[in-house]
Amino acid sequence: MDRPNYITPAGYTALRQEYEALFAVERPKLVDTIAWAAGNGDRSENGDYIYGRKRLREIDRRLGWLSKRMKAAKVIAPSRQEDRSKVWFGATVTIADEDDNERVLTLVGDDEADAGQGRVGWNAPLVRALRGASVGDLRRVTLPAGEREYEVMAITYPDR
């Protein structure tokens, strides 16, 4: 990995819970189903066996990905941010575009981003443009819809 995988404590916990649920619950059940299906005879036309093997590969792939992401994770608590006057990881930022349309964004790790909830990944183009900005700064960013300019209206962090 060429850049750190920043993540909030809550985001890391979510990755860990998904890993544990897949490894300790779903995978063992699936292995039992596959073993049962294999004991039923002809595997070439056995849907439980074929689907089970396919799903097992998907789970193993996801477990590998989660494991790599957790090993590379650098957990950062936004509440411990010392320079609260600038936009850094974990900040909740209010920005306004040229038409005075305001948006509220929370800067989180790429693995926990959810644009519908206003949680934008640390390496997203908009966030890269906002990094280090202070209230009142103008930042220009090239988005798929074209180039836009945003003004930073407010910056907040969780309480310590």
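Helices and strands here are DSSP runs, a helix having at least four residues and a strand at least two, numbered from the N terminus. The model is predicted. On this basis the protein has 3 helices and 7 strands. From the N terminus on, their order is β-α-α-β-β-β-β-α-β-β. Two helices thus follow the opening strand in sequence order, and a run of four strands comes after them. The remaining helix is next, and two strands close the series.

The pair α1 and α2 was examined in detail. Helix α1 covers residues 9-38, and helix α2 covers residues 47-72. Their axes come within 9 Å. The crossing angle is roughly 155 degrees. Angles over 145 degrees count as roughly antiparallel, and α1 and α2 are therefore roughly antiparallel to each other. The contact of α1 with α2 has 17 nonpolar residues, 10 charged residues and 2 polar residues. The crossing in which α1 passes α2 is left-handed.

Overall dimensions were considered next. The C-alpha trace of the protein spans about 70 × 35 × 25 Å along its principal axes. The radius of gyration is 22 Å. For a compact globule of 160 residues, a value near 15 Å would be expected.

Burial and contacts complete the description. Of the 160 residues of the protein, 34% count as buried. Contacts between residues at least 6 apart in sequence were also sorted by separation. Among these, 53% join residues at least 24 apart.

How values were computed:
Residues numbered from 1 in each chain as written. Predicted model: local features only at pLDDT ≥ 70, side-chain atom pairs only at ≥ 80, totals over all residues. Heavy atoms only, no water. Axes fitted to C-alpha atoms, helices over the stretch in contact; angles between N-to-C directions. Parallel < 35°, antiparallel > 145°, perpendicular 65-115°, else oblique. Left-handed = near helix turned anticlockwise from the far one by under 90°. Nonpolar A, V, L, I, M, F, W, Y, C, P; charged D, E, K, R; others polar. Rg over C-alpha atoms; globule rule 2.2 N^0.38 Å. Buried < 20%, exposed > 50% of the residue type's maximum accessible area, 1.4 Å probe, protein only. Contact = heavy atoms within 4.5 Å.
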